[in-house]
Amino acid sequence: MRLATLLLIAALAAQGVDSPRKVFPLPYEQHDFPNGLRLVTVPTEFPNVVALYIVVQAGSRNEVEPGKSGFAHFFEHMMFRGTKNYPPEKYEAVKANAGAASNAYTSDDLTVYHMTFSKEDLPKMLEIEADRFQNLEYSEAAFRTEALAVLGEYNKNSSSPVSKLFEALRETAFDRHTYKHTTMGFLKDIQDMPNQYAYSREFFQRYYRPEYVTIIVVGDVQPASVRTLVARYFGAWKRGSYRAEIPQEPPQTGPREAKVDWPTPTLPWLAVAYKAPAYSDVNKDGAALDLIAYLGFSPTSDLYQKLVIREQKVDMLSASNPDHADPYLFMVMSRIKSPADAASVKEDILKTFAAFKDRLVPAERLETLKRHLRYSFALRLDNSEAIAATLARYVALTRTPETVNRKYELYMQITPEDIRQAARKYFNDDGRTVVTLATAPPKGGTSK
Amino acid sequence: MRLAALAFLVSSLAWPKTEVVALPGKSPLVNFRIVFRVGAASDPAGKHGAAALTAAMLSRGGTKSMTYKQVVDALFPMAASIQEQVDKEMTVFSGVTHIDNLENYYRIFREALLEPGWREEDLKRLRDDLINYLQITLRGNNDEELGKEVLYNEIYRGRPYGWNNAGAVADLQAITMEDLKKFYREHFTQANLILGVAGGYPPGFLDRVKKDFAALPAGVEKPLKLPSPAPISATRVVMVEKKTRSVAYSLGFPIEVRRGHPDYPALLVAQSYLGQHRQSTGRLYQRMREARGLNYGDYAYIEYFPRGMFQFEPDPNLARQQQIFQIWIRPVEPPTAHFALRLAMFELNRFLRDGISEEAFQKTRNFVSKYVNLLLKTKDAELGYAIDSRWYGIPDYPAYIRQALAKMTREDVNRAIRKHLRSDRMVVVVVAQDCDALKRQFLSEAPSPMTYNAPKPEEITREDKIIETLKLGFQPENIQIVPVEKIFE
């Protein structure tokens, strides 16, 4: 057995919560190439398989021009439309030959291209990925056809009221920042996508540049040979110079509300959100809000126990403070079993927020949560693909896995007073947005 | 050979009635998959949903000594949970814990399964959850999963697979606590049990688990005898009417092939070529989405694969004696709906007529031989597949597939296609708004020419000319329009 593997098993086995070890226990190599490209290699004990995640620090946040919502995601589709050397059929054939599972996804701050395959195929996979990141070439006809597949994606999402709820929440909560629209984009912009060929080339020139990209390789690999391969295939990639001017969101100055009518029978949904700070592994506010999502709204919380378990007024309740490059939202979503309870559920949720501003969280409960967080993270690292996927979302924010360790160290330092301070700073009426979604009343009825 | 494969243990000596699948390893995690050979197919008449509700009471209700709140509070610091999955013939309880917490976690897991709490307030909440799943989540919020589930219901109508795994709304409302206790006593027995444990558990742990589960009633081994699915004499179309902006299709028919059948590996290759799930390599995807932009994707299946819109690999422990062949066409824009169905049938006809080429065969075989590695990339999946292999009576899944692939020829695949697949005598499920208009289009057999937003290669426009007039051959008496409110009631 190789030494690296033995060390790794030891590292994983020692990963108890009471030890002072880092939450991300695996040794990794981080390497910067002269063109600005960064490579993170994590050797693991899991045999044969390699996960390759290519993270581009551009997402729907970068859609700064009007009429271009949804473009980062659309562009992700175009990345599968081939190059001179590898037209789509040839690219697909290479992947199929490798038995690779591959896909891509786009979010507010990132676009990720990922593949999982057998280790002997790593050189070829890096070669075809390097080729499309540098030499993407597609016809206007292919571009227009792919725009329809994006519309198909919008269509398949459109039967879910949650997509609509999110759309309305962001539209209501933001005025200037691009977080105002979802990653999918507005329907009218999606329908206009076929006409944006020239802009798509511009988008590629701006963001598909080494300084925006971090390559993550996790699995049955040696860092030195991965470095050599990446240098070979990505070394000639030219650095770019574009920097997007992302509009700053002005402070919110009053509570906002919106109502969404849903065309088919559904249970009512209620979203309550407050403006929240950008991701940070240094500042305690965001970390404290992350903890409040659990303390206030997870299945062990008083509110969940009341609404879901005892009174059974609600059948879904969750909260999150998603990591974002710029200030975003702390959100609570709930599905209410009977429209008659909507008002009282809303009141209970608001009271829960208010309580964090008044009372200190019991220290013991906070310690329990800290244990939960460390175990939850450890349980996620059960295969190479999961490790790469977990790192990708952090790397998109800071370009280094070390941020995971810093963030979890920050969690460990949070005190009940830190939580109260963060609640007082962010859970104020001025920063609140409430959106409700319910079945549209029959025609001629009232919307009250 | 992988270490895990060498360590694959089979033990049925000490407690003769219980099967054990154990995959010991050095991981700091321990995975559980406790399987009972019972599921929705055993729901008593008038009590459809009994299996689902019983399983939910175990995994998401309190235990004899702990309320559900106490269970949740106890699991929280470990970041652990107990998940249940109910299919036609299998119910699995799964969970994972860090080795630090093994004792505490197992104590709760064991009690949940062996000493359920049977509290009325849990029953009320879980019954609501299942009804809301059927009425709101499935019927209202997910046209694609709705179409797939209706397809199964329709193909197996009047048979033990003929209702949703979550049951039926009226039955769920009528099920009592006594019904659940009875279902539990009769089916959650040692004879029906497969204990699956994997990961870094300590020596002696497995024996303890076996001993604990020996507290279940012995039961008798009574394999479920299923009647053959009703023959389909002509294609039936079920159109689900609901307010929606697009048209979703699922179509298929029963096949005799399942894991262990001599043609399973060949049909797996055929299916991968035609429509590997959520990959861009399949023929249907290439012709429908890639070349024509009709929708988000198009795939083919020879095994039940629920929740496919949310995941790339199937969940294990959905083993069935009977499977169907299925094509999934993701939602299309209404003006192209008729053409899209014609194109899918055109491709299926071509597939039946030409089979796959030698080149395509080599490529697909190579893909499948490597892809099986990815299916088993987690310890949890490895454990689940090992249990399924036991159920189907086949060797370790990757070995089973690779050995068959090594001997397979193109002719084996083409013979399997000709023998098991067809394009007539199927069930077509359509989820759409204004089904009446679409029905009239189907029956008229009128041309459905395509217009594109960009020039197409001549090869496509020429092919479109043939497809736009392709006869679907549906008969009016075989087309039924069902309001969505009537489904799963």
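**Contacts between chains A and B, and between the domains of chain B**

In this predicted model, the contact between the two chains draws on 58 residues from chain B and 58 residues from chain A. On the side of chain B that touches chain A, six elements of chain B each provide at least two residues: helices H3 (68–75), H5 (120–141), H6 (143–155) and H13 (358–375), together with strands E5 (91–98) and E10 (323–332). By residue class, that side of chain B holds 20 nonpolar, 16 polar and 22 charged residues.

Turning to chain B itself, its two parts are domain 1 (3–213) and domain 2 (236–486). A distance of 30 Å separates the C-alpha centres of domain 1 and domain 2 of chain B. Where these domains meet, 36 residues come from domain 1 of chain B and 35 residues from domain 2 of chain B. The side of domain 1 that touches domain 2 receives two or more residues from each of helix H1 (3–6), strands E2 (19–24), E3 (29–36), E5 and E6 (193–199), and helix H6 of chain B. Of these, H6(B) contributes the most, with 10 residues. This side of domain 1 of chain B comprises 17 nonpolar, eight polar and 11 charged residues.

Chain A, for its part, contains 16 helices and 11 strands. Its radius of gyration is 23 Å, close to the 22 Å given by the globule rule for 448 residues, so chain A is as compact as a globular protein of that length. The C-alpha trace of chain A extends about 60 × 55 × 35 Å along its principal axes, and 48% of the 448 residues of chain A count as buried. Among contacts in chain A with a separation of 6 or more, 80% join residues 24 or more positions apart.

Key. Residues are numbered from 1 along each chain as its sequence is written. Chains are lettered from A and ligands numbered from 1 in the order in which they are written. This is a predicted model: local features need pLDDT of at least 70, side-chain atom pairs count only at pLDDT 80 or more; totals for chains, interfaces and linings use all residues. Helices (H or I, at least four residues) and strands (E, at least two) are DSSP runs, numbered from the N terminus. The radius of gyration is taken over C-alpha atoms; the globule rule is 2.2 Å times the number of residues to the power 0.38. A residue is buried if 20 or more other C-beta atoms lie within 10 Å of its own, exposed if 12 or fewer, and partly exposed in between; C-beta atoms are placed from the backbone. Two residues are in contact if their C-beta atoms, placed from the backbone, lie within 7 Å. Ala, Val, Leu, Ile, Met, Phe, Trp, Tyr, Cys and Pro count as nonpolar, Asp, Glu, Lys and Arg as charged, and the others, Gly among them, as polar. Domain bounds come from an automatic or database domain assignment.
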